[in-house]
Amino acid sequence: MANRKRPIILRCPVTAEERSLIEQKMAQLQIKRIGAYLRKMAIDGYIIYVDTRDIKEMNKLLSAIGRNINQIAKRVNAGGPTYQADMEEIRERLDQIWQLQRRILLSQR
């Protein structure tokens, strides 16, 4: 107990129905630890959940494009040829990024 970041323990008895409601709200917010949920609710009174899956997907696509561009630049700087297939792949990934950006913007309205 002496090495804990939060050494003070609070206890709060609840009914089975209350526990079930708490767990349902945790599931909606995708929170796994009841202590973190209860602490946040007790201190702030609310939790804002932001779904960032589209943004993570967009970052993944941007990273892939960056890797492709670096490989192409390395090959061209070494005196090698450029390939049309490389350019097409970059265009396809850019199209995917634009679609994700539109979806993100429309979801924010």
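How are α3 and α4 oriented relative to each other, roughly parallel or roughly antiparallel? I'll take that one before anything else. Keep in mind that this is a predicted model.

Helix α3 covers residues 53-77, and α4 covers residues 84-107. Their axes come within 10 Å and cross at roughly 160°. Angles over 145 degrees count as roughly antiparallel, so α3 and α4 are roughly antiparallel to each other. As for handedness, α3 passes α4 in a left-handed crossing.

Staying on α4, let me pick out one residue. R91 sits in this helix. Is R91 buried or exposed? Neither label fits: R91 has a relative accessible area of 43%, so it is partly exposed. Partly exposed is what lies between under 20% for buried and over 50% for exposed. Look also at I65, which is 26 residues from R91 along the chain. The C-alpha atoms of R91 and I65 are separated by 9.2 Å.

Now the pockets. Rolling a probe the size of a water molecule over the atoms shows where empty space is left. The largest pocket holds about 720 Å³ of space. Its lining is made up of 16 residues, and those nearest the centre are I9, L10, G35, L38 and R39.

Which helix gives the most to that lining? It is α2, with six residues. Helices α1, residues 16-29, and α2, residues 34-44, each supply at least two residues of the lining. By type, the lining of the largest pocket has ten nonpolar residues, five charged and one polar.

That's what I have on the helix pair, R91 and the pocket.

How values were computed: Residues are numbered from 1 along each chain as its sequence is written. This is a predicted model: local features need pLDDT of at least 70, side-chain atom pairs count only at pLDDT 80 or more; totals for chains, interfaces and linings use all residues. Side-chain values use heavy atoms; hydrogens and water are left out. Helices (H or I, at least four residues) and strands (E, at least two) are DSSP runs, numbered from the N terminus. Buried means under 20% relative accessible area, exposed over 50%, partly exposed in between (1.4 Å probe, protein chains only). On a 1 Å grid over the protein atoms alone, a cavity is a set of points where a 1.4 Å probe fits but cannot get out, and a pocket is an open set with protein on both sides within 12 Å along at least five of seven lines; lining residues have an atom within 4 Å of a point. Grid points are joined across faces, edges and corners, and a volume is the space filled by probe spheres set on the points. Ala, Val, Leu, Ile, Met, Phe, Trp, Tyr, Cys and Pro count as nonpolar, Asp, Glu, Lys and Arg as charged, and the others, Gly among them, as polar. Axes are lines fitted to C-alpha atoms, for helices over the stretch in contact, and angles run from 0 to 180 degrees between N-to-C directions. Angles under 35 degrees count as roughly parallel, over 145 as roughly antiparallel, 65 to 115 as roughly perpendicular and the rest as oblique. A crossing is left-handed if the near helix is turned anticlockwise from the far one by less than a right angle, and right-handed if clockwise.
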